[in-house]
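Here are my notes for your first look through this one. Keep the viewer open and click along as you read.

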Amino acid sequence: MKLFDVYPLNDITIVKAQGSYVWDDADQKYLDLYGGHAVISIGHTHPHYVKRLEAQLHKVGFYSNSIKIPLQVELAEKLGKVSGKEDYQLFMCNSGAEANENALKLASFYNGRKKVISFTKAFHGRTSLAVAATDNPSIVAPVNQTENVLILPFNNEVALEEAFAQNDISSVIIEGIQGVGGINVAADSFLQKIRSLCDQYDAVFIADSVQCGYGRSGKFYSHDHSGVNADIYTMAKGMGNGFPVAAISIAPKIHAKYFMLGTTFGGNHLACAAALAVLEVIEEDELIKNAETVGNYLIEELKKLPHIKEVRGKGLMIGIDLPDELKTVKRNLLFNHKIFTGEAKPNVIRLLPALNISKTEADIFLAAFKKELHSMAVTA
Ligand SMILES: Cc1ncc(COP(=O)(O)O)c(C=O)c1O
């Protein structure tokens, strides 16, 4: 049997990882500013994480949601506290797309409506309604196409007001900072407008925090920067530091009914242990503060550099928009400097490092990046 060939691969095999570094099978060390696609929040193989998961594995790894799982209650309390949403309710699942599916479905159960608003360049996952709400027709199969999703221009308040006036809107789903779309920050006034229109029409505000949440932006949810609360927050990636765990955090006005949502694996013992370990480290090591400090430092330093079109983002979610003639910089960082970064089309380098990246590690990246800019500019 062969692998189903859907991923273009770099010819690199990672066999070891620690903190913000990974090593390949030839023992070459790489600085990781990609975090395996924004997943590594507390650093690779963090000792507390390894210990908690290992201990849990020796006790019980899995049992179904038909019995009490006190770890879920412990996680709900901890997440409520760290995220500052103590009166919200937790439902656990397994991936970002599944979190968004559940959020959209729950919103529709709540107000009995069908229409969903999402925005240009949004990415919400690859499953049925999540992919329909994603602004990328090439990954939407005919079976996923639906008239229930309206994709409106990002950060355009007038279009939003008109859509609410003309349709029976169930929910609005928005990333506080678009990730796959190229690190585009939702304006505070836009998020505030979504809040007030959702209140006016009793629609549900869904904050897709799968990539921009969990402290990455320098606040627990990136939507917190605008000072408004969403009705449902969806999260995944950084939640488990690599263990597949996802969840939605649900406002008190939305009430649960038996069997309205459900999943076999969601909230299993190991997933809860991983998620608790992550929150314990985030809290203990003040990683949200570190994301803000090191992130602001990186953004300020990058803004001083020549040849860059734009630097966007908040905290440790940073997009460096490069002109076409510098499109090989990302590849050169990997192969000449052994630094992993992410990308977005056409020429945006995405920085999504672990939240405990140090200033020294940020400086290693900046030195390599400056060198690349310089040599490309000289040869251009
Ligand atoms: C904002 C956002 N939402 C949803 C998803 C989907 O998450 P998953 O790949 O875990 O299904 C992603 C993945 O990149 C994402 O960035």
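**Notes on the model**

1. Let's start with a lysine in a loop. K121 counts as buried, because 20 C-beta neighbours fall inside 10 Å, and 20 or more is what a residue needs to be called buried. You'll find K121 in the loop between β5 (115-119) and α5 (128-132). Have a look at its backbone too: the phi of K121 is positive, near 70°, and K121 is not a glycine. Keep in mind throughout that this is a predicted model.

2. I183 is another residue to click on. Its phi is positive as well, about 60°, although I183 isn't a glycine. I183 sits in the loop between β8 (177-178) and β9. Is I183 buried or exposed? With 27 C-beta neighbours inside 10 Å, I183 counts as buried.

3. Now zoom out to the domains. The domain assignment gives domain 1 (47-284) and domain 2, which is put together from 286-321, 333-346 and 366-380. Taken over C-alpha atoms, the centres of the two domains are 28 Å apart. Where they meet, 18 residues of domain 1 are in contact with 14 residues of domain 2. On the domain 1 side, β9 (184-185) and α8 are the elements that give two or more residues. That side of domain 1 divides into eight nonpolar, eight polar and two charged residues.

4. Next, the nonpolar core. The largest one has 110 residues, and the members that touch the most others are V172, I206, I232, A274, A275 and V278. Which helix gives this core its largest share? That would be helix α8 (residues 269-284), with 12 residues. The core also draws at least three residues from each of domain 1 and domain 2.

5. So α8 deserves a closer look. Its 16 residues should span 22 Å at 1.5 Å a residue, and the end C-alpha atoms are 22 Å apart, which agrees. The helix is mostly covered, with 12 of its 16 residues buried. Among the buried ones are L270, C272, L276, V278 and I282. What do the buried residues of α8 pack against? The list is α2, α3 (70-83), β4 (89-93) and α9 (287-303). After α8 comes E286, with a positive phi near 50°.

6. Two alanines of α8 are worth tracing by hand. A271 lies in this helix and counts as buried, because it has 29 C-beta neighbours inside 10 Å. Leaving out residues up to four places away in sequence, A271 touches M92, G240, F243 and V245. Take the pair A271 and V245: they are 26 residues apart in sequence, yet their C-alpha atoms are 5.7 Å apart in space. For A274, with neighbours within four places in sequence set aside, the contacts are Y49, L53, G240, N241, F243 and V245.

7. Two of those contacts of A274, Y49 and L53, bring us to α2. The 13 residues of this helix (residues 47-59) should span 18 Å at 1.5 Å a residue; the end C-alpha atoms are 19 Å apart, which agrees. Which residues of α2 are buried? They are Y49, R52, L53 and Q56. These cover an arc of only 95° around the axis, which means they lie on the same side of α2. That buried set packs against α8. Turn the helix around and you get the exposed residues P47, V50, K51, E54, A55 and H58, on the face turned away from the buried side.

8. Finally, two prolines. P252 is in the loop between β12 (246-250) and α8. P252 is exposed, because just 10 other C-beta atoms lie within 10 Å, and 12 or fewer is the cut-off for that label. Not counting residues up to four places away in sequence, P252 touches D87 and Y88. The other proline is P346, in the loop between β16 (342-344) and β17 (348-351). Check the peptide bond leading into it: from K345 to P346 the bond is cis, with omega near -5°.

Notes: Residues are numbered from 1 along each chain as its sequence is written. This is a predicted model: local features need pLDDT of at least 70, side-chain atom pairs count only at pLDDT 80 or more; totals for chains, interfaces and linings use all residues. A nonpolar core is a set of buried Ala, Val, Leu, Ile, Met, Phe, Trp, Tyr and Cys residues joined through C-beta atoms within 7 Å. Helices (H or I, at least four residues) and strands (E, at least two) are DSSP runs, numbered from the N terminus. Domain bounds come from an automatic or database domain assignment. Two residues are in contact if their C-beta atoms, placed from the backbone, lie within 7 Å. The expected span of a helix is 1.5 Å times one less than its number of residues. The arc is that of the directions from the helix axis to the C-beta atoms. Ala, Val, Leu, Ile, Met, Phe, Trp, Tyr, Cys and Pro count as nonpolar, Asp, Glu, Lys and Arg as charged, and the others, Gly among them, as polar.
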